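Take a look at the model below. Then follow its overall form, its surface and its charged side chains in turn.

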Amino acid sequence: QTSYSFDHALAMTRAALNENHELQFEVGVLQQQQKETKAQLDAARKALTAQTEEAERWQQMLETATQDFKAQMEQVTQATMLKIEHLKSELAEERAKNAELALRAGSSQTH
């Protein structure tokens, strides 16, 4: 009876040790996978941060370019309006001259 219980306890201990070794191996594998996953996450986080910073730089450049374009269009619009006003003034002067010439021509025909 005593040897049986001793053998039984020994077998149970061996089984527990085997199971413990298997579990330790599995924990080691899981820890390695966790390290690899963490490294992948860190690399992905760094890449995403770099992409975000690049996108922000492009957005800033685009906003600056848009503001510059709007300012240039405003200058072109102002210059165009001034030119139109100048041309209207010239046209009015030419019409006045033509009207005056027509009056002179009309009055010289009547004399």
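The text starts with the overall form and ends with the charged pairs.

This is a predicted model, in which local features need pLDDT of at least 70, side-chain atom pairs count only at pLDDT 80 or more, and totals for chains, interfaces and linings use all residues. Residues are numbered from 1 along each chain as its sequence is written, and side-chain values use heavy atoms, with hydrogens and water left out.

The protein has one helix and zero strands. Helices (H or I, at least four residues) and strands (E, at least two) are DSSP runs, numbered from the N terminus. The radius of gyration is 47 Å, well over the 13 Å that the globule rule gives for 111 residues, so the protein is more spread out than a compact globule. That radius is taken over C-alpha atoms, and the rule is 2.2 Å times the number of residues to the power 0.38. The C-alpha trace spans about 160 × 20 × 10 Å along its principal axes.

How much of the protein is buried? Buried residues make up 0% of the 111. Here buried means under 20% relative accessible area, exposed over 50%, and partly exposed in between (1.4 Å probe, protein chains only). The protein exposes about 10,300 Å², and carbon and sulfur atoms supply 60% of that area. Accessible areas come from the Shrake-Rupley method with a 1.4 Å probe; for residues, only the protein chains shown count as cover.

Now the charges. Side chains of opposite charge can pair when their charged atoms come close. The structure holds six salt bridges. Each is a side-chain nitrogen of Lys or Arg within 4 Å of a carboxyl oxygen of Asp or Glu.

Glu100 and Arg104 form one of them, at 2.5 Å from N to O. Both residues lie in helix 1, four residues apart, about one turn of the helix. Glu100 is partly exposed at 42% relative accessibility. Arg104 is exposed at 51%. Elsewhere, salt bridges that share partners join Lys38, Asp42 and Arg45 into one network.

Within that network, the closest N and O atoms of Arg45 and Asp42 are 3.0 Å apart. The two residues are three apart in helix 1 (residues 2–110), so about one helical turn separates them. Asp42 is partly exposed, with a relative accessible area of 27%.

Lys88 and Glu85 also meet in a salt bridge, at 3.8 Å from N to O. They too are three residues apart in helix 1, so about one helical turn lies between them. Lys88 is exposed at 51% relative accessible area, while Glu85 is partly exposed at 45%.
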